[in-house]
Amino acid sequence: MVTRRGKEESNTNGNGKGKIKFRYMDSERLVDFSVENMAGDSVTDGLHSIANALAGRTLPRKGAPDPKRQLAGGTTVDVEEEVDTLEPEDQEQGVLDPEPEGSEDGGAETPKPKRVIKPKAPKLLTTPNLTEAQVSLTDFLKQKNVTEMMDKYSVVAVWYKEQFQIVDINIDRIFTAFKVLGQESQLPTDIEKPLKNLTYVKKWFEKAKAPNTYNIIWLGESEVGKMGAGAVKA
């Protein structure tokens with residue numbers, strides 16, 4: 001809540017008229033002016049209109065000021081009026097989720113079970129014959145000496161590219177490679193998830209044209225090149 005204050009000072013000259021000072025201040029604006037030689041009623045109406053404009057709404061009028069205080073020569077009257085406004089953080093943000101409707105019998109509606117999407121099962125590819133590679137995948141993986149699953153995916157992608165000029169990697173390529181290694185049981189339930197993480201989190205891969213297919217980019221190849229006991233890391 002922000003409190004905005006208007007301050008009025010009235011000095012009468014003995015004939016019902018006098019000098020009025022008005023000040024309005026908030027976090028964004030400062031209004032400071034004075035009115036001379038005006039009747040008290042006219043000034044009160046004017047100040048109330050100005051306060052309404054500054055507050056952005058119609059403010060309730062306070063009780064009429066004491067006439068004795070208006071006519072007392074040299075008397076200063078401080079009038080403070082507080083206007084409560086909402087800061088942006090206090091205002092409603094976004095759209096609230098609708099409350100669940102009750103069932104016809106007045107009871108709470110039974111929540112619907114969430115739909116579980118089962119990951120697609122991979123296929124074992126027959127071509128190319130991975131055992132015909134000049135450097136076996138087993139030896140290549142040993143050279144890199146990696147244990148993290150995403151690192152293994154990256155090593156497999158580089159191996160496919162170097163040995164068979166295959167750049168499109170999907171769950172079938174990964175499953176077939178791990179089958180050759182005898183490590184298919186170590187694969188996560190969602191085989192595609194590490195490929196997504198390598199693409200959108202690590203930025204080592206990029207999305208290929210074919211659906212659910214990914215390509216390792218130069219950054220991923222560079223990181224694989226740093227892997228291994230004899231590799232020099234930057």
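What percentage of the 234 residues of the chain count as buried? The figure is 30%. Keep it in mind as you start this tour of a predicted model.

**Stop 1: the whole chain**

Begin with a cartoon view of everything. You will find seven helices and six strands. Followed along the sequence, they come in the pattern β-β-β-α-α-β-α-α-α-α-β-β-α. Now think about contacts in the chain with a separation of 6 or more: 52% of them are accounted for by residues 24 or more positions apart.

**Stop 2: the largest nonpolar core**

Next, select Tyr153, Trp159, Tyr160, Ile174 and Phe205, and show their side chains. These residues have the most contacts inside the largest nonpolar core, a set of 32 residues. Color helix H3 (137–144), helix H4 (149–164), helix H5 (171–181), helix H6 (193–200) and strand E6 (214–216), since each of these elements supplies at least two residues of this core. Which element gives the most? That is H4, with eight residues.

Stay with Tyr153 for a moment. With its neighbours within four places in sequence left aside, Tyr153 is in contact with Ile174, Phe178, Leu187, Pro188, Ile191, Pro194, Leu195, Leu198 and Phe205.

**Stop 3: three backbone details**

As background, most residues other than glycine have a negative phi, and most peptide bonds are trans. The next selections depart from that.

- Select Thr127 and Pro128. The peptide bond from Thr127 to Pro128 is cis, with omega near -5°. Pro128 sits in the loop between strand E4 (79–85) and H3.
- Move on to Asn145, in the loop between H3 and H4. Its phi is positive, near 50°, in a residue other than glycine. Is Asn145 buried or exposed? Asn145 counts as exposed, because its relative accessibility is 58%.
- Then pick Lys203, which lies in the loop between H6 and strand E5 (205–207). Lys203 is not a glycine, yet its phi is positive, at about 65°. With 46% relative accessibility, Lys203 counts as partly exposed.

**Stop 4: Thr213**

Now go to the loop between E5 and E6 and select Thr213. This residue is buried, with a relative accessible area of 4%. What does its side chain reach at 3.0 Å? Draw a distance to the backbone oxygen of Pro211 and you have the partner. Beyond residues up to four places away in sequence, Thr213 touches Asp168, Ile169, Asn170, Glu206, Lys207 and Ala208.

**Stop 5: the second largest pocket**

Keep Pro211 selected, as this residue is also one of those lining the second largest pocket. To see the full lining, add Pro119, Lys120, Asn170, Ile171, Asp172, Asp190, Ile191, Glu192, Lys196 and Asn212. The pocket has a volume of about 230 Å³. Try coloring the lining by residue type: it divides into four nonpolar, two polar and five charged residues. Two residues here may look familiar: Ile191 was among the contacts of Tyr153, and Asn170 was among those of Thr213.

**Stop 6: Ile217**

Finish at Ile217, in the loop between E6 and helix H7 (218–225). Not counting residues up to four places away in sequence, Ile217 touches Lys203, Trp204, Phe205 and Glu206. That brings back Lys203, the residue with the positive phi of about 65°. As a last selection, add Val158, which is 59 residues from Ile217 along the chain. The C-alpha atoms of Ile217 and Val158 are separated by 9.6 Å.

Definitions and conventions
Residues numbered from 1 in each chain as written. Predicted model: local features only at pLDDT ≥ 70, side-chain atom pairs only at ≥ 80, totals over all residues. Heavy atoms only, no water. Core = buried A, V, L, I, M, F, W, Y, C linked by side-chain atoms within 4.5 Å. Buried < 20%, exposed > 50% of the residue type's maximum accessible area, 1.4 Å probe, protein only. Helix = DSSP H or I, 4+ residues; strand = E, 2+ residues; numbered from the N terminus. Contact = heavy atoms within 4.5 Å. Polar contact = N/O pair within 3.5 Å; in protein donor to acceptor, adjacent residues only side chain to side chain. 1 Å grid on protein atoms, 1.4 Å probe; cavity = no way out; pocket = protein on both sides within 12 Å on 5 of 7 lines; lining within 4 Å. Points joined across faces, edges and corners; volume = space filled by probe spheres on them. Nonpolar A, V, L, I, M, F, W, Y, C, P; charged D, E, K, R; others polar.
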